[in-house]
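Here are my notes on the side-chain contacts, as numbered points. Please read them next to the model.

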Amino acid sequence: MTKDQFLSMLVLRGYPEPILVEQEAGGFLDAHTHPFEVKALVVSGQIDLVVDGVRTIYVSGDVFHLSANQVHTERYGSNGVQYLASRKDGSEGN
């Protein structure tokens, strides 16, 4: 997905303007939650998310979604990761 397509989707689904998140190479976060829903577009690098025991790898152009309070782990690729993240209260599931 392109940045423009992602921004248009956010508007259609009622998400606020995203922020750029940058994580260092080889970094990780153990199991945790966020009190908000997240929809994000990977701009560069790689992020691996484990949700319900399933690992999914996201790279540039991929979009990921996390529901509010969804337990997950994060691991960042050998070049780190940059992604545009829009956060909103509650969860609509998409």
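1. Asp48 is buried, its relative accessible area being 8%. This is a predicted model, and the remarks below should be read with that in mind.

2. Asp48 is one partner of a salt bridge; the other is Arg55, with 2.7 Å between the closest N and O atoms. The structure contains 1 salt bridge.

3. The two partners fall into opposite classes of accessibility. Arg55 is exposed, because its relative accessibility is 53% and the exposed class begins over 50%. Asp48, at 8%, is buried.

4. The aromatic pairs number 2. Tyr58 and Phe64 make a tilted pair, with 5.4 Å from centre to centre and 50° between the planes. Both rings belong to buried residues: Tyr58 has a relative accessibility of 17%, and Phe64 has 3%. Tyr58 counts as buried because the class covers values under 20%.

5. Phe64 also pairs with Tyr83, here edge-to-face, at 5.4 Å centre to centre and 70° between the planes. Since Phe64 is in strand 5 (residues 63-66) and Tyr83 in strand 6 (residues 72-88), this pair ties together parts 19 residues apart in sequence. Tyr83 is buried, as is Phe64.

6. Which residues make up the aromatic cluster? Tyr58, Phe64 and Tyr83 form one cluster, and Phe64 takes part in the pair with Tyr58 as well as the pair with Tyr83.

7. A further contact involves a charge and a ring. Lys88 has its charged end over the ring of Tyr15, at 4.2 Å from the ring centre.

Note on methods:
Residues are numbered from 1 along each chain as its sequence is written. This is a predicted model: local features need pLDDT of at least 70, side-chain atom pairs count only at pLDDT 80 or more; totals for chains, interfaces and linings use all residues. Side-chain values use heavy atoms; hydrogens and water are left out. A salt bridge is a side-chain nitrogen of Lys or Arg within 4 Å of a carboxyl oxygen of Asp or Glu. Buried means under 20% relative accessible area, exposed over 50%, partly exposed in between (1.4 Å probe, protein chains only). Rings of Phe, Tyr and Trp (its six-membered ring) pair if their centres lie within 6.5 Å; planes under 30 degrees apart count as stacked, over 60 as edge-to-face and the rest as tilted. Helices (H or I, at least four residues) and strands (E, at least two) are DSSP runs, numbered from the N terminus. A charge sits over a ring if NZ of Lys or CZ of Arg is within 6 Å of the ring centre and within 35 degrees of the ring normal.
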